[in-house]
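Got the viewer open? Here is a short tour, one selection at a time.

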There are 2 protein chains.
Amino acid sequence: MISITDIESAAARLDGVAIHTPLLESAALNELAGGRVLLKPECLQRTGSFKIRGAYNMMSQIEDRAAGVVAFSSGNHAQGVAAAGRLLGIETTIVMPSDAPRAKLDNTRTLGGNVVTYDRYSEDREAIAHAIAEDRGCTVVPSFDHEHIIAGQGTVGLELADDLKAMAISPNQLFVCCGGGGLTSGSGLALKDRFPDAAVFTVEPEFFDDTARSLRSGSRQTVDESARSFCDAILTPSPGEITFALLQAMNAQGLVVNEKEVREAMRFAFRELKLVVEPGGAVALAAVMFRKAPTVDAVTAVVISGGNVDVDLFSDVQTSA
Amino acid sequence: MISITDIESAAARLDGVAIHTPLLESAALNELAGGRVLLKPECLQRTGSFKIRGAYNMMSQIEDRAAGVVAFSSGNHAQGVAAAGRLLGIETTIVMPSDAPRAKLDNTRTLGGNVVTYDRYSEDREAIAHAIAEDRGCTVVPSFDHEHIIAGQGTVGLELADDLKAMAISPNQLFVCCGGGGLTSGSGLALKDRFPDAAVFTVEPEFFDDTARSLRSGSRQTVDESARSFCDAILTPSPGEITFALLQAMNAQGLVVNEKEVREAMRFAFRELKLVVEPGGAVALAAVMFRKAPTVDAVTAVVISGGNVDVDLFSDVQTSA
């Protein structure tokens with residue numbers, strides 16, 4: 001089972017590769033929360049999301065690099081894998097939904113990734129990726145349910161925890177944007193190593209609350225096939241096996257926000273934080289703004305997970321208050 | 001005369017008040033520059049610009065705090081002074097142009113500043129501020145030409161230099177957005193203390209190239225009264241006496257960018273850096289993107305000075321490529 005040592009080893013591998021993102025604080029957000037909020041802006045990370053952490057951590061440990069790797073992703077993991085591949089000299093093929101944000105498709109190609117598109121609602125991306133892997137004898141780089149991926153994403157929580165320690169601040173809780181749970185489980189694990197009493201909350205968009213329902217029911221739940229959301233980065237059908245076990249073990253709880261709240265969070269990020277945040281990257285911020293769990297007189301750490309949003313959607317969100 | 005010790009003392013005063021902003025690097029920007037570029041994003045600073053550094057550094061040294069302070073500013077210094085006043089328990093009055101961005105006027109008031117507006121093109125803001133100061137017996141907090149202000153703004157360069165040292169990177173040059181020269185002279189001084197061979201470049205918008213012309217001619221020049229620019233944060237009529245002397249002493253050189261280049265830089269910041277950058281905060285980034293001084297095979301440090309831009313202008317810039 002993955003431990004804090006794995007996350008610390010990942011941090012050593014990522015030194016000089018991933019940006020140690022800062023902790024930001026906003027008086028306006030503290031006021032909204034009625035407590036103290038520390039933000040970890042992974043939109044500032046290389047490739048615009050935290051995903052390069054896990055991708056690089058796993059790919060740097062692959063022994064047979066010549067065969068390349070294959071991955072499936074709505075776009076952030078895609079860019080992380082492509083960027084890691086370029087750094088490590090590994091050829092990358094990424095299966096992406098045809099309706100992924102144009103910027104994500106373009107950037108993945110610019111980073112050197114070979115993009116294969118599929119229909120998000122009728123085709124099985126895992127099957128496509130595994131067929132490619134079998135055909136070429138190459139490694140699949142999963143987007144969340146793998147210990148090396150989780151350890152890499154966990155460096156977000158490790159940096160956050162160690163920076164809080166250095167500032168002599170004890171967080172009461174952590175809110176993290178949650179798709180398959182790699183970022184939340186890894187970061188939660190690291191945070192709870194440094195601050196055992198801190199609570200961990202996953203945050204998901206409405207209709208894609210599989211992790212929240214899974215944590216409540218005690219078994220892995222799936223989303224309805226008809227579910228739709230503009231939070232493209234975190235639309236996974238169910239939590240991973242490993243990630244769910246980790247989240248359960250740390251007594252994580254699930255929070256859910258709606259589209260209106262996410263849009264408000266994206267506007268707040270523009271206005272008060274000067275950050276470009278994508279819908280899926282804004283759900284944890286929305287959860288704190290709309291107090292989905294008590295934040296009054298508490299210290300809440302919040303991960304903003306990505307900023308890869310097309311300009312048209314961004315402008316629509318900003319100007320349609 | 002101001003020295004590195006003053007800047008180091010300012011850094012100690014600002015500990016826990018100003019955010020130590022990170023250094024960001026973008027593969028896309030390195031490619032455009034043909035070299036290595038390290039960005040210091042002061043748009044992430046408290047109040048959305050570097051200005052709180054100088055304001056707090058000066059105001060924390062005022063002995064008679066009861067009488068309050070008065071300042072004049074197009075908006076970023078205004079917010080810095082108001083925020084510092086709130087932290088220090090000093091009442092603040094700020095003289096602002098009536099056509100300042102709405103967000104800057106609103107935020108200054110939200111931070112507790114008493115805003116007095118004037119007409120940018122027909123009234124003398126310095127005269128208004130000094131009349132208030134005389135009337136109330138309070139201190140004027142100038143926006144650039146004061147040693148305590150310069151020392152505070154210089155902490156931007158100090159953080160940047162010390163972070164580069166820690167990364168074992170030697171910068172060849174520094175590009176800084178320049179209005180009256182407080183940020184450039186202070187930051188240049190700090191950088192050249194750590195890296196004596198680094199060159200310092202001020203960057204101004206076209207028609208407001210008073211510092212560039214002053215540095216070229218050897219004496220302080222002024223801008224034409226008919227000059228207009230959308231870079232509201234850095235529209236000063238001439239460099240300061242102290243700031244100009246400092247810039248001359250360090251052999252600074254002046255670069256100039258046009259509005260089209262600034263708009264392109266704001267789009268680049270959105271797309272590649274996930275940062276909201278205001279026009280005046282983007283001029284140094286524009287200078288590196290459009291190679292206003294040679295950047296090939298060089299290490300260039302660039303300060304992004306602020307992100308306080310109204311949503312309508314921002315959306316117009318982003319969607320009118």
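Start with helix α8 of chain B, which is mostly covered: 11 of its 13 residues are buried. Before going further, keep in mind that this is a predicted model. Chain A has a mean pLDDT of 96, with 100% of its residues at 70 or more, and the model scores ipTM 0.94 and pTM 0.95.

**Stop one: around α8(B)**

Select residues 182–194 of chain B to get the whole helix. From first C-alpha to last, α8(B) reaches 19 Å, close to the 18 Å expected at 1.5 Å a residue. Now colour the buried positions, among them B:Gly182, B:Leu183, B:Leu189, B:Ala190, B:Leu191 and B:Arg194. What do the buried residues of α8(B) pack against? Show the helices α1 (4–14), α7 (147–166) and α10 (241–249) of chain B, then add the strands β6 (173–177), β7 (199–205) and β9 (299–304), and you have the list.

**Stop two: where two chains join**

Next, select Phe314 in both chains. How are the rings of A:Phe314 and B:Phe314 arranged? Their centres are 6.2 Å apart and their planes sit at 65°; an angle over 60 counts as edge-to-face, so that is what this pair is. A:Phe314 belongs to helix α13 (residues 311–319) of chain A and B:Phe314 to helix α13 (residues 311–319) of chain B, so the pair joins two chains. Each ring is out of sight: A:Phe314 is buried at a relative accessible area of 1%, and B:Phe314 is buried with 1% as well. Add A:Phe270 and B:Phe270 to the selection, and you see the cluster that ring pairs make with A:Phe314 and B:Phe314. Over all chains, the structure holds 7 aromatic pairs.

**Stop three: charges over rings**

Stay with aromatics, but bring in some charge. In chain A, pick A:Tyr121 and look over its face for A:Arg228, 3.5 Å from the ring centre. Then hop to chain B, where the charged end of B:Lys165 sits over the ring of B:Phe195, at 4.1 Å from the centre.

**Stop four: the cysteines**

How many disulfides does the structure hold over all chains? The count is 0. Try A:Cys178: the nearest cysteine sulfur belongs to A:Cys177 and is 9.0 Å away. A:Cys178 is buried, with a relative accessible area of 0%. Over in chain B, the sulfur of B:Cys43 has its closest cysteine sulfur in B:Cys177, but at 10 Å that is too far for a bond. B:Cys43 also counts as buried, at 1% relative accessibility.

**Stop five: a strand residue**

Go back to chain A and select A:Thr92, in strand β3 (residues 92–97). Is A:Thr92 buried or exposed? At 1% relative accessibility, A:Thr92 is buried. Leaving aside residues up to four places away in sequence, its contacts include A:Met59, A:Val69, A:Val81, A:Gly112 and A:Asn114.

**Last stop: two positive phi values**

Most residues other than glycine have a negative phi, which sets up the final pair. A:Ala168 has a positive phi of about 60°, and you will find A:Ala168 in the loop between α7 (147–166) and β6 (173–177) of chain A. At 71% relative accessibility, A:Ala168 is exposed. Then jump to A:Asn251, whose phi is near 55°, in the loop between α10 (241–249) and β8 (253–257) of chain A. A:Asn251 is exposed too, at 60%.

Note on methods: Residues are numbered from 1 along each chain as its sequence is written. Chains are lettered from A and ligands numbered from 1 in the order in which they are written. This is a predicted model: local features need pLDDT of at least 70, side-chain atom pairs count only at pLDDT 80 or more; totals for chains, interfaces and linings use all residues. Side-chain values use heavy atoms; hydrogens and water are left out. pLDDT is the predictor's confidence in each residue, from 0 to 100. Rings of Phe, Tyr and Trp (its six-membered ring) pair if their centres lie within 6.5 Å; planes under 30 degrees apart count as stacked, over 60 as edge-to-face and the rest as tilted. Helices (H or I, at least four residues) and strands (E, at least two) are DSSP runs, numbered from the N terminus. Buried means under 20% relative accessible area, exposed over 50%, partly exposed in between (1.4 Å probe, protein chains only). A charge sits over a ring if NZ of Lys or CZ of Arg is within 6 Å of the ring centre and within 35 degrees of the ring normal. The expected span of a helix is 1.5 Å times one less than its number of residues. Contact means heavy atoms within 4.5 Å. A disulfide is a pair of cysteine sulfur atoms within 2.5 Å.
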